[in-house]
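Q: Got a minute to go through this one with me? I'd like to start with the backbone and then move on to the packing and the crosslinks.

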Amino acid sequence: MLAPTLPTILASISLTAAAATSFGSIVHYSPTNTSIGDLEAVFNPATGTNGGYYSGSFVPDDDYGAYDYCNMPHTRAREYMIPGGYNLQYVELIHRHHKRTPYASNTFPREDIAMYCDNVETVYYGKPKNGVNVTNIWWKNYQDPSNPMTYYKNGFNGTCQFPQISYAGLDDSAQHGRDLWSVYGEKLKFLPKTFDPATMRIRATSNEITSQVAGALVRAMYPHLSEVNVWQQISSVDSLEPGYSCSFADSVRSAYQDTDEWYQHLNLAKNVFDQLDEISGVDPNDSGWHSWFDHYFDNLSSRLCHQLPLPCKISNFSDCVSEQLAEQVFRLGDYEYNYIFRQAANSTLYSATHYGAFIAELMSHLKDKVAGTEGIIYRHNIAHDGSIAPLLGALQINALRWPGMGSEVIFELWRKEFSHDYSIRVLYGGRPLVTNTPLGTLDMVSYDDFVAYLESLVGNNGELVYQYCSSS
């Protein structure tokens, strides 16, 4: 089946999100109505953080599982439930990197504080397999006062790279690794006691921060492992970040972000932008900063996650971003992610095409494992929020908040004892993923039903993704 033409997709954009809608084999099921997608709640200060945390990595055990943007809940032995009567066959895990400095594009023209990363070494060097020995190289940022451009629109002064995984982020990465080992190594006895490259694979994107996380996480899982091969696809076709081009998907998203439904929240947020611009020095006419809240969200959350103060105006240090204003930004960020990846009628179509290559790979791994042709038992993918969000969008999570640092989705393939019946469990934040699809909560659902759903998104061998993305 050939993919519909671009005019066809644009004509379908007006489909209502109030009921299930379809495009080809892709059916969109509207998310659950929550305060995340309710503009009245979004602009109500009493809503606060919707029960979430934005101030660090620690959440009390009694509240573990609550949304913590700085260090999202993940699978660990304390909460993990082993399904009775089944044997674990395969695990594929994907998670967002851990805490980092903000991206340079998300820093203000001038920041009111400096940011130092002297307690972290970011390592970059090439090492021949056979031949000369090389010196390990790590990069140290610095600012030379004789460089006339050093302090001109420089963002954060100091010694950090933007981005890089911070000391606290590396600490969280190590804890994540220990927690995963406590489940798949100790509790289930599923992983080998020593890292086995023939049956285990660690994968990162071309963005260095994912490899920085891998170094701390894998060492925590295997304390005696001094080096490991981290797999990486060519950036131009990488399915994990993703890096491949799909103008079809881009057109779908652009269309539903050019509607009155999208502009409504931006118009209501004009006063929010005005307050932030006045303090930050960001040009009010900069369309990139004002087409959504991504930039302000990253800047403010990066500060709070590292226990740094909220920003103040350079010319008046008594004029600062308040906690209430920051919470407003976070609620707007959640609203936008929910709209882009879940609420908009064509959001599932966007997620399925924008992230369909990874879904096709996942489906292939599951099929090969059931067929007995797959020797790998554990794949660990370290990615970004722009990876987790469309994956959750394609799976049609019941309600989507911005996937925080360390957000984790685990796909487990189980086989029933003394039979050839297979089941799938998908964990998000350590708990079975609740969806609005007919599959419901993905807790030991039929393997055949789950694979059929993935096929409805990307085709039997991912051919639908290729057709969509090569159609323009």
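Q: Where is proline 242?
A: Proline 242 is in the loop between strand E7 (230-231) and helix H5 (247-256). Keep in mind that this is a predicted model.

Q: And the peptide bond from glutamate 241 into that proline, cis or trans?
A: The bond from glutamate 241 to proline 242 is cis, with omega near -5°. There's also a cis bond from phenylalanine 162 to proline 163, with omega near 10°. Proline 163 lies in the loop between strand E5 (138-139) and helix H3 (167-187).

Q: What about phi, which residue other than glycine has a positive value near 60°?
A: Phenylalanine 418 is one of them, with phi near 60°. That residue is in the loop between strands E11 (408-416) and E12 (422-428). Lysine 189 has a positive phi too, about 55°, and isn't a glycine either. You'll find lysine 189 in the loop between H3 and strand E6 (200-204).

Q: Is lysine 189 buried or exposed?
A: Exposed: lysine 189 has a relative accessible area of 63%, and the cut-off for that label is over 50%. Phenylalanine 418 is exposed as well, at 85%.

Q: OK, packing. At what angle do H3 and H4 cross?
A: Roughly 40°, and the axes of H3 and H4 (residues 208-221) come within 7 Å. The two helices are therefore oblique to each other, and their crossing is right-handed.

Q: Which residues of H3 and H4 meet there?
A: On the H3 side, Leu170, Ser173, Ala174, His176, Gly177, Arg178, Leu180 and Trp181 take part. They meet Gln212, Val213, Ala216, Leu217, Ala220 and Met221 of H4. By type, the residues of this contact are 9 nonpolar, 4 polar and 1 charged.

Q: Switching helices: how many residues of H13 are buried?
A: 10 of the 11 residues of H13 (residues 385-395) are buried, so the helix is largely enclosed by the rest of the structure. Among the buried ones are Asp385, Ile388, Pro390 and Leu395. Just after H13, glutamine 396 has a positive phi of about 60°.

Q: Now the crosslinks. How many disulfides are there in the whole structure?
A: A search turns up 4. Counting bonded cysteines along the chain, the pattern is 1-5, 2-3, 4-8, 6-7.

Q: Cysteine 70 and cysteine 305, which hand does that disulfide have?
A: The torsion about the S-S bond of cysteine 70 and cysteine 305 is about -85°, so this disulfide is left-handed. Cysteine 70 sits in the loop between helix H2 (39-42) and strand E3 (86-96) and cysteine 305 in helix H9 (residues 294-305), so the pair ties together parts 235 residues apart in sequence. Cysteine 70 is buried at 0% relative accessibility, and cysteine 305 is buried at 4%.

Q: How about cysteine 117 and cysteine 160, left-handed or right-handed?
A: Right-handed, with 90° about the S-S bond of cysteine 117 and cysteine 160. This pair links cysteine 117, in the loop between E3 and strand E4 (122-123), to cysteine 160, in the loop between E5 and H3, 43 residues apart. The sulfur atoms of cysteine 117 and cysteine 160 are 1.9 Å apart.

Q: And what does cysteine 246 pair with?
A: Cysteine 246 is joined to cysteine 469, with 2.1 Å from S to S. Cysteine 246 is in the loop between E7 and H5, and cysteine 469 is in helix H15 (residues 463-469), 223 residues apart. Both cysteine 246 and cysteine 469 are buried.

Definitions and conventions. Residues numbered from 1 in each chain as written. Predicted model: local features only at pLDDT ≥ 70, side-chain atom pairs only at ≥ 80, totals over all residues. Heavy atoms only, no water. Helix = DSSP H or I, 4+ residues; strand = E, 2+ residues; numbered from the N terminus. Buried < 20%, exposed > 50% of the residue type's maximum accessible area, 1.4 Å probe, protein only. Axes fitted to C-alpha atoms, helices over the stretch in contact; angles between N-to-C directions. Parallel < 35°, antiparallel > 145°, perpendicular 65-115°, else oblique. Left-handed = near helix turned anticlockwise from the far one by under 90°. Contact = heavy atoms within 4.5 Å. Nonpolar A, V, L, I, M, F, W, Y, C, P; charged D, E, K, R; others polar. Disulfide = S-S within 2.5 Å.
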